[in-house]
Amino acid sequence: MSNDEMKKLQGDLIKAIEGAEGSAALEAVRVEALGKKGKLTEMMKTLGSLDPDARKAMGAALNEVKVAVTAALEAKGKILAAAAQTARLEKERIDITLPARGGESEGRIHPITQTYEEIVTIFAAMGFSVAKGPDIETDWNNFTALNIPPEHPARQMQDTFYMPAVGEMPTVLRTHTSPVQIRTMMGQKPPIRIIAPGRTYRCDSDMTHTPMFSQFEGLVIDEKTHMGHLKGCLLDFLRAFFGIDDLPLRFRPSYFPFTEPSAEIDIGCSRKGGELKLGNYGDWLEIGGCGMVNANVLRNCGLDPDQVQGFAFGTGIERLAMLKYGIPDLRTFFEADMRWLKHYGFVPLDIPNPAMGA
Ligand code: DAH
C-alpha cells in the first residue's frame, strides 16, 4: 500500500470516527479498523510476507495510522460519554419546586414545636441562651433548693408524680421548669440570662390540665437587674410573640416560694360575646408567674444575695400556643390525631417566624 493510500485510509477512518453519532456507531468503526478482522489488523498480518526493508517502512507507517486512529477513538469516546451524561441529567432533572408526592405533604410541625421555636427566637434576639434539664429531677432541685422545704404547704400546690429514689435522694417527674434555674445557677457564674423550655408533669387531668405539658422558664442574674427589667423583658417578649404592638401587661401581686416579690403575669384581653380576644380591651388574662429570685434560692445555689440579684418567670407553652393560634382544647395537643395536626400544624417550609410578623 502506498503512502498516499495509507494517508487516505487514515483520513477515512478518522472522518468515520468523528461522524459517529453514538457509542454503538463508534464501536462499529473501531471494529472495522482494529477488530480481529479490521482493516489495519489485516494489513498488520501481511507485514510478515514483506522483505525486511519494506516491512520496516510499512510497519512504521501502519503504526502511525494505528496511533492516530486510537487517539481519535478515545477522544470521540469521551465526547460521546459526556454528551450521554448531559442528556441523562437533562432527562432525570428533579423539579424541586414540585410539591412532595401525594399532593399536600402529610407531615406538619406540631404547634408546640412551632411555638417553642418562636419563643427561643425572640429570647435569643434579647441575648438569652437555652438551658435544659432532665424530666426526672431530684426532689432537691424541683422543690427544696427552690425554697420549698419538705412539709412546706407549697408542695401541695403541685400534684407530683413521685419516682423511685436514687440512693438517698427522692426523685420526681419535674412539676415545673424552675429546677433548671437551680441547675444553671449551680453550674455557671453570673451574669446569667437563660430560658429553659421543656416538658413538665403533674398528676392532674381535666379540660384544662393534662398530666404532661410544656413550660418555659426565664432566669436573669447579675448585679443590677431589677423588677423594671423583668416587666420590660416580658412586655417586649409578649408583644413580639403575639404580634400586638400595644398589648398591655399587668403584674398582679402573688406568692411563689422561689421569688420575692412575686407576681402573676396578666395580659390584656376582651371576653365580649364569649369570644376571647387579646389586646388593650380592659379585661385581663393570666398567663404565668414571675418575680425577683428569692435570696434563699440564691444562697442555696452558692450565690451571695448581697452581690447578685435577678428575676425569674415561668409560663405554659401550650397556653401560649392556644391563645396565639386559636386552639380551643388543651387535650387535643396530645391525641396524635392527623386531622387535628393537619388543621393546626405548620407546613415545614412555610412556617411563620417573628421576622414575618408572626
Ligand atoms: N414554677 C411556677 C409554676 O409552675 C411558675 C413560675 C412562677 C416560675 C414564678 C417562675 C416564677 O420562675 O418566678 O407554677
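Where does Glu151 lie?

**Preliminaries**

The structure is a predicted model, in which local features need pLDDT of at least 70, side-chain atom pairs count only at pLDDT 80 or more, and totals for chains, interfaces and linings use all residues. Residues are numbered from 1 along each chain as its sequence is written, and side-chain values use heavy atoms, with hydrogens and water left out.

**Exercise 1. Locate Glu151 and Ala336, and describe their backbone and exposure.**

Step 1. Glu151 lies in the loop between helix 6 and strand 3 (162-166). Helices (H or I, at least four residues) and strands (E, at least two) are DSSP runs, numbered from the N terminus.

Step 2. Although Glu151 is not a glycine, its phi is positive, at about 75°.

Step 3. Glu151 counts as exposed because its relative accessible area is 75%. The classes are buried (under 20% relative accessible area), exposed (over 50%) and partly exposed (in between), with a 1.4 Å probe and protein chains only.

Step 4. Ala336 is found in the loop between helix 10 (317-325) and helix 11 (338-344). Ala336 is not a glycine either, yet has a positive phi of about 55°. With a relative accessible area of 75%, Ala336 is exposed.

**Exercise 2. Identify two cis peptide bonds and place the second residue of each.**

Step 1. Pro190 and Pro191 are joined by a cis peptide bond with omega of about 5°. Pro191 belongs to the loop between helix 7 (179-187) and strand 5 (192-201).

Step 2. Glu260 and Pro261 are likewise joined by a cis peptide bond, with omega of about 0°. Pro261 is found in strand 8 (residues 259-270).

**Exercise 3. Describe the surroundings of the ligand.**

Step 1. The ligand is surrounded by 16 residues, the closest being His176, Ser178, Arg202, Gln215 and Glu217. A residue is near a molecule if one of its heavy atoms lies within 4 Å of it.

Step 2. The residues of this shell divide into 5 nonpolar, 9 polar and 2 charged. Here Ala, Val, Leu, Ile, Met, Phe, Trp, Tyr, Cys and Pro count as nonpolar, Asp, Glu, Lys and Arg as charged, and the others, Gly among them, as polar.

Step 3. Strand 6 (212-222), strand 10 (283-293) and strand 11 (309-316) each supply at least two residues of the shell.

Step 4. Polar side-chain atoms of His176 and Ser178 lie 2.9 Å and 3.0 Å, respectively, from a nitrogen atom of the ligand. For Gln181, a polar side-chain atom lies 3.1 Å from an oxygen atom of the ligand.

Step 5. Taken alone, the ligand exposes 360 Å², of which the protein buries 91%. Accessible areas come from the Shrake-Rupley method with a 1.4 Å probe.

**Exercise 4. Compare the settings of Glu5 and Asn141.**

Step 1. Glu5 is found in helix 1 (residues 3-19), whereas Asn141 lies in helix 6 (residues 139-142).

Step 2. Glu5 counts as partly exposed because its relative accessibility is 45%. Asn141, at 10% relative accessibility, therefore counts as buried.

Step 3. The side chains of Asn141 and Glu137 are joined by a polar contact of 3.0 Å. A polar contact is a pair of N or O atoms within 3.5 Å; within protein, one must be able to donate a hydrogen and the other to accept it, and residues adjacent in sequence count only if both atoms are side-chain atoms.

Step 4. Glu5 and Thr184 are 179 residues apart along the chain, and their C-alpha atoms are separated by 92 Å.
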